Amino acid sequence: MNSKPIVAGNWKMHKTVQDGVSFVGEIKNRVLDKAKAKVIFCPPFTALFSIVETLKGTDFGVGAQNVHFEAQGAFTGEISIEMLKSTGLDYVILGHSERRHVFGESDTFINRKIHAVLNSGLVPIFCIGETLDDRKAGRTIVVLEGQITLGLDGLDSIDHNRMIIAYEPVWAIGTGETASVEQVVEAHASVKDILSGMFEENANEVPILYGGSVNENNAAELIETKGVDGFLIGGASLKEDSFCSIIEIVSKFYKG
Ligand code: PGA
């Protein structure tokens, strides 16, 4: 594992501005070992500015859940990178399974976002993962390979400080079912191999998060799993006690 585990909370379409600000305000006061895990909140667009303000001067990170690659224009309902940057955030989730499967985002569309986000200096949290059908058909690694090679196509290099990958099996997201330790080990090792095949330097150091029904009961086993550098968490990131417990568990694995 990289020295500092990452715990990113993907709120999806939950919490108003007021709910979000009070939530991060509480967590800010509760998490004592702030230096032992990188905690990133990814609220809806509407709450980004206020949450960045609330967390100013702390080590907590803030990320968006999506962005458009065009700088501006007639894209009703979309948000540009400059708009995100003007809130003061640092991260953007890209290629989340719900963007791929509910909103039909393709690997090439995600690739354009990856390039635009990297050019802007923001850090992508690039999500990949197989469906249940893929896994049953023995296609997991092939699917991951396709998502990574197409998603990162055209990049000359990869910087482990400016890229986070999240392996999230689609069948484990929001289902209460997590991938087994063996499945996570295999998937994370494959991601590393694919990255090493594409990029000469730094590929091994790129943090790879696991996501999919992570909670306070399975976090210890999962964070101990080889190749896991942290978590991307949906449901359990919305509950103060659960999220704080996960941060506490993950912080124990800090190798300072
Ligand atoms: P979950 O969601 O933790 O609720 O399974 C994870 C995600 O979608 O990032």
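This is a short talk on the ligand site, the largest pocket, the second largest cavity and one aromatic pair of this structure. Please keep in mind that the model is predicted.

I will start with the ligand. Which residues are closest to the ligand? They are Lys12, His96, Glu168, Gly174 and Ser213, out of 13 residues that surround the ligand. Sorted by class, that shell has 4 nonpolar, 7 polar and 2 charged residues.

Now some distances. In the side chain of lysine 12, an N or O atom is 2.7 Å from an oxygen atom of the ligand. For the side chain of glutamate 168, the corresponding distance, from an N or O atom to an oxygen atom of the ligand, is 2.6 Å. Glycine 235 takes part through its backbone: one of its polar backbone atoms is 2.8 Å from a ligand oxygen. As for cover, the ligand on its own has 280 Å² of accessible area, and the protein covers 96% of that.

Next, the largest pocket. Its volume is about 430 Å³. It is lined by 16 residues, and Lys12, Gln65, Asn66, Arg99 and Phe103 are the closest to its centre. You have heard one of these names already: Lys12 is also among the closest residues to the ligand. By class, the lining of the largest pocket divides into 7 nonpolar, 5 polar and 4 charged residues.

On to the cavities. How many cavities of 30 Å³ or more does the structure hold? There are 2. The second largest has about 40 Å³ of space. Its lining includes Gly95, His96, Ser97, Cys127, Gln147 and Glu168. Two elements, α4 (97-101) and β5 (123-128), give two or more residues each to this lining. The largest share is that of α4, with 3 residues. In terms of class, the lining of this cavity has 3 nonpolar, 6 polar and 2 charged residues. On your screen, look for His96 and Glu168, which line this cavity and are also among the residues closest to the ligand.

Last, the aromatic rings. The count comes to 6 aromatic pairs. I will show one of them, tryptophan 11 with phenylalanine 41, which is edge-to-face. The ring centres are 6.2 Å apart, with 70 degrees between the planes. Where do the two residues sit in the chain? Tryptophan 11 is in the loop between β1 (6-10) and α1 (17-30), while phenylalanine 41 is in strand β2 (residues 38-42). They are 30 residues apart, and the pair links distant parts of the chain.

Notes: Residues are numbered from 1 along each chain as its sequence is written. This is a predicted model: local features need pLDDT of at least 70, side-chain atom pairs count only at pLDDT 80 or more; totals for chains, interfaces and linings use all residues. Side-chain values use heavy atoms; hydrogens and water are left out. A residue is near a molecule or strand if one of its heavy atoms lies within 4 Å of it. A polar contact is a pair of N or O atoms within 3.5 Å; within protein, one must be able to donate a hydrogen and the other to accept it, and residues adjacent in sequence count only if both atoms are side-chain atoms. Accessible areas come from the Shrake-Rupley method with a 1.4 Å probe; for residues, only the protein chains shown count as cover. Ala, Val, Leu, Ile, Met, Phe, Trp, Tyr, Cys and Pro count as nonpolar, Asp, Glu, Lys and Arg as charged, and the others, Gly among them, as polar. On a 1 Å grid over the protein atoms alone, a cavity is a set of points where a 1.4 Å probe fits but cannot get out, and a pocket is an open set with protein on both sides within 12 Å along at least five of seven lines; lining residues have an atom within 4 Å of a point. Grid points are joined across faces, edges and corners, and a volume is the space filled by probe spheres set on the points. Rings of Phe, Tyr and Trp (its six-membered ring) pair if their centres lie within 6.5 Å; planes under 30 degrees apart count as stacked, over 60 as edge-to-face and the rest as tilted. Helices (H or I, at least four residues) and strands (E, at least two) are DSSP runs, numbered from the N terminus.
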